[in-house]
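I opened a new notebook page for this structure. My plan is to go through the strands, then the sheets, then the ligand.

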Amino acid sequence: MHPFTLSMAADQTQAVEAHARDTHLTFIAGGTDLLGLMKDRVTLPERLLDINGLPDMAKVKALPDGGLRIGALARMSDVAANTAVRERFPAIAEGLLFAASGQLRNMATMGGNLMQRTRCAYFRDEDNTSCNKRQPGSGCAARHGLNRNHAIFGWSDACVTTHPSDVAVALAAMDAAVVVRGPAGERTIPFTGFHRLPGSTPAQDNVLGRGDLIVAIEVPARVEGRASHYLKVRDRQSYEFALVSVAAAVAIEDGRLTSVRLAMGGVAHKPWRLYAAEEALRGTALDDTDALRSAISASFTDARPLAHNAFKLELSQRAVLRALQTAGARA
Ligand SMILES: Cc1cc2nc3c(=O)[nH]c(=O)nc-3n(C[C@H](O)[C@H](O)[C@H](O)COP(=O)(O)OP(=O)(O)OC[C@H]3O[C@@H](n4cnc5c(N)ncnc54)[C@H](O)[C@@H]3O)c2cc1C
Ligand code: SF4
């Protein structure tokens, strides 16, 4: 194991300043992703700054208007079990419960979950495989290699991987926001703008820079929140990342969809909103399966499957249909 020092941050200001000035320093929260990356020698920080003691960052606050403020240090288990989260946004609770294992969820934080790195096997491989995300300029072994688990939307020749977070998909569907404290003060980043597409710089997963500390996640009140569902399709029933996943949230009047929110995981370098399907679904009767299928397909005309993952096209559309119907049954 690479040698490193460990210290504790006393407050947010100290954490932000230390991270901004020291390029060899990394925040550590639950450590469930970071330590694996260090063991695989993907990242070799010289100094770890433990942020677990930072005050007022571990709570889930149910806001009076129906929204939520989730501290970045809140553990995945605590957020999943929170009554307000379960009642107001079941898709968020489900996105957490279908992730990792009970032990991991007890340690893993919400901020760390959004920052976790891809599960592309080439990226995690110690044996110097070509990977532009791990070693910029080295190529992308997955582009013409084993890419069954990879993207069908938004990829570039430089990187075809997907983002692994489940709860990020539910948060994207709700148009949540990430509250970040940086060297210039606090700012709020709309969730769908937080993670990046790979373009020519796949090493950068999101828009955060040096000195940026995630403080909280804000979920605004949504009429569709209560009638929401997160569906995860994976190769085995538990302890596995998504092949594809869907967060669906709906509002219904007289059996017809008046508003729909849809996001997918396992299909792109970031949670992928299905805006065209959302639009096409408005006004559709929830029991008209053919019409639902046809509206959902509006978001798949620009899909670009790779050599080994064309199956994701059909699987995704079936998963969206099922997630919509389950969400609709909760309305
Ligand atoms: C075996 C296994 C299976 C898993 N399965 C799933 C799954 O099915 N679905 C899923 O969604 N996830 C899964 N995960 C990932 C898991 O959810 C993440 O490892 C976890 O959420 C990371 O949180 P953490 O607090 O441990 O982060 P850490 O490991 O401590 O940190 C991860 C990264 O985030 C940065 N960071 C942490 N907090 C902040 C902050 N507040 N501001 C800025 N940067 C910060 C750290 O510097 C580091 O770069 C799995 C992990 C493992 C090991
Ligand atoms: S898909 Fe991305 S992470 Fe995987 S090998 Fe290619 S560049 Fe690396």
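Which residue in β7 stands opposite G182? I looked it up, and G185 stands opposite G182. I note here that the model is predicted.

**Entry 1: the five-stranded sheet**

I began with the sheet that holds this pair. Strand β6 covers residues 177–182, and 6 bridges join β6 to β7. The two strands run antiparallel.

Next I wrote down the strand order. The sheet is open, has 5 strands and reads β4-β5-β8-β6-β7. Its pairing is antiparallel. The edges are β4 (60–62) and β7 (185–190), and each of these pairs on one side only. From one strand to the next, the twist averages 20°.

I then checked what packs on this sheet. Helix α1, residues 12–21, touches β6 and β8. The direction of α1 makes about 75° with that of β6.

**Entry 2: from β4 to β8**

I followed the other edge inward. Strand β5 spans residues 68–71, and 3 bridges join β4 to β5 in an antiparallel run. K61 has R69 in β5 as its bridge partner. The hairpin of β4 and β5 has 5 residues between the strands. In this hairpin I found G66 with a positive phi near 105°.

β5 also pairs with β8, in the antiparallel sense, over 4 bridges. Here L68 stands opposite V219 in β8.

A reminder to myself: in a regular strand, the side chains alternate between the two faces of the sheet.

**Entry 3: the parallel strands**

I turned to β1, β2 and β3. Strand β1 (residues 5–8) and strand β3 (residues 47–50) run parallel, with 4 bridges joining them. In β3, L49 is the bridge partner of S7.

β2 pairs with β3 too, in the parallel sense and over 4 bridges. I noted that I28 stands opposite D50 in β3.

**Entry 4: the four-stranded sheet**

I found another open sheet, with 4 strands in the order β9-β10-β11-β12. The pairing in this sheet is antiparallel. Its edge strands are β9 (228–233) and β12 (272–273), each pairing on one side only.

β9 and β10 (residues 244–253) pair over 6 bridges in the antiparallel sense. Y230 stands opposite A247 in β10.

Which helix lies across β9, β10 and β11? It is α12, residues 311–329. Helix α12 runs at about 40° to β10.

**Entry 5: around ligand 1**

I finished with the ligand. There are 33 residues around ligand 1, and F27, G31, T32, T109 and D166 come nearest.

I listed three polar distances, each to an oxygen atom of ligand 1.

- A polar backbone atom of F27 is 2.5 Å from an oxygen atom of the ligand.
- A polar side-chain atom of T109 lies 2.6 Å from one.
- A backbone N or O atom of G31 lies 2.7 Å from one.

How much of ligand 1 does the protein cover? On its own, the ligand has 970 Å² of accessible area, and the protein covers 92% of that.

I also sorted the shell by element. β2 (25–28), α7 (110–115) and β8 (213–219) each give two or more residues. α7 gives the most, with 4 residues. By type, the shell residues divide into 17 nonpolar, 10 polar and 6 charged.

Looking back, I see β8 twice: in the five-stranded sheet and in the shell around ligand 1. β2 also has two entries, as a partner of β3 and as a giver of shell residues.

Notes:
Residues are numbered from 1 along each chain as its sequence is written. Chains are lettered from A and ligands numbered from 1 in the order in which they are written. This is a predicted model: local features need pLDDT of at least 70, side-chain atom pairs count only at pLDDT 80 or more; totals for chains, interfaces and linings use all residues. Side-chain values use heavy atoms; hydrogens and water are left out. Two strands pair if DSSP finds at least two bridges between them. Contact means heavy atoms within 4.5 Å. Axes are lines fitted to C-alpha atoms, for helices over the stretch in contact, and angles run from 0 to 180 degrees between N-to-C directions. A residue is near a molecule or strand if one of its heavy atoms lies within 4 Å of it. A polar contact is a pair of N or O atoms within 3.5 Å; within protein, one must be able to donate a hydrogen and the other to accept it, and residues adjacent in sequence count only if both atoms are side-chain atoms. Accessible areas come from the Shrake-Rupley method with a 1.4 Å probe; for residues, only the protein chains shown count as cover. Ala, Val, Leu, Ile, Met, Phe, Trp, Tyr, Cys and Pro count as nonpolar, Asp, Glu, Lys and Arg as charged, and the others, Gly among them, as polar.
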